[in-house]
Amino acid sequence: VQFSETGNGGTAIIGQFVSATCTKPFSGGAGTSGHPFSKESREITINNGRKRISGLAAKLRLGQHYVDSAHRLFLLAVQRNFVQGRRTTHVVAACLYIVCRTEKSPYLLIDFSDALQVNVYELGTCFLKFCRLLNLSLPLIEPTLYIHRFSSKLEFGGGEKTHQVAMTALRLVKRFKKDWIQTGRRPAGICAAALFLAAGVAV
């Protein structure tokens, strides 16, 4: 990359700069510091993404491992220009949700929607497009991951009774899977049905 002085006293860039972590070159006019504006904007986007990932992870009580993994995905999103024309919050949520799916954590996409107060279908669209861009093959959602979480919130008459309902619901979900009942159905609905039946048996 070289720089030349224009007729009106400004500075123009000659050539292109390609970062070690970027798939496309930076080009365009230069500022007073001698660096392209697009490079500075990219760094700002990365730093802003890191902050938003940390903030969202804190709301959902996710550890540092999730933050680091999601940030690596966000860097890929920046390199592939996936963040252009999209809200950073949507891309950040998609990155964190991918990590949760990979780690088999008991979080649904609607949890991210509630935390960010955004439309869950918009998040889902962003998530699916990002997965297609990276050719990701994520594990299917396992309903058993959410039984203990949902049962603890419903409070079935104390700790022992709640544990009993949860264990019965887990056995029901396994039976659902064996009989292909859960195929094509949302995991939240499977959990709700299993907990409802288990609560009736416990009572």
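In helix 4 (residues 109-116), Leu 109, Asp 111, Phe 112, Ser 113 and Ala 115 are buried. This is a predicted model. One of those buried residues, Phe 112, forms an aromatic pair with Tyr 97. Tyr 97 lies in helix 3, and helix 3 also packs against helix 5 and helix 2.

**Helix 4 and its end**
- The buried set in helix 4 includes the charged residue Asp 111.
- Gln 117 follows helix 4. The phi of Gln 117 is positive, near 60°.

**Aromatic pairs**
- The structure holds three aromatic pairs.
- Tyr 97 and Phe 112 make one that is edge-to-face. Their ring centres are 5.7 Å apart, and the planes stand at 75° to each other.
- This pair links distant parts of the chain. Tyr 97 sits in helix 3 and Phe 112 in helix 4, 15 residues apart.
- Both Tyr 97 and Phe 112 are buried.
- Ring pairs join Tyr 97, Phe 112 and Phe 127 into a cluster.
- Tyr 97 and Phe 127 are also among the residues where helix 3 meets helix 5.

**Helix 3 against helix 5**
- The axes of helix 3 (residues 88-103) and helix 5 (residues 120-134) come within 9 Å and cross at roughly 65°. Helix 3 is therefore roughly perpendicular to helix 5.
- The crossing of helix 3 past helix 5 is right-handed.
- Helix 3 contributes His 90, Val 91, Ala 93, Ala 94, Cys 95, Tyr 97, Ile 98 and Arg 101.
- From helix 5 come Glu 122, Leu 123, Cys 126, Phe 127, Phe 130 and Cys 131.
- By type, the residues of this contact are 11 nonpolar, one polar and two charged.

**Helix 2 against helix 3**
- Helix 2 (residues 64-79) packs on helix 3 at an angle of about 125°, with the axes 9 Å apart. The two helices are therefore oblique to each other.
- Helix 2 passes helix 3 in a right-handed crossing.
- On the helix 2 side, the contact uses His 65, Tyr 66, Ser 69, Ala 70, Leu 73, Phe 74 and Ala 77.
- On the helix 3 side, it uses Thr 88, Val 91, Val 92, Cys 95, Leu 96, Ile 98, Val 99, Cys 100 and Glu 103.
- These residues divide into 12 nonpolar, three polar and one charged.

**Helix 3 residues in both contacts**
- Val 91, Cys 95 and Ile 98 of helix 3 meet helix 5, and these residues also take part in the contact with helix 2.

Key. Residues numbered from 1 in each chain as written. Predicted model: local features only at pLDDT ≥ 70, side-chain atom pairs only at ≥ 80, totals over all residues. Heavy atoms only, no water. Axes fitted to C-alpha atoms, helices over the stretch in contact; angles between N-to-C directions. Helix = DSSP H or I, 4+ residues; strand = E, 2+ residues; numbered from the N terminus. Parallel < 35°, antiparallel > 145°, perpendicular 65-115°, else oblique. Left-handed = near helix turned anticlockwise from the far one by under 90°. Contact = heavy atoms within 4.5 Å. Buried < 20%, exposed > 50% of the residue type's maximum accessible area, 1.4 Å probe, protein only. Phe/Tyr/Trp six-rings, centres within 6.5 Å; stacked < 30°, edge-to-face > 60°.
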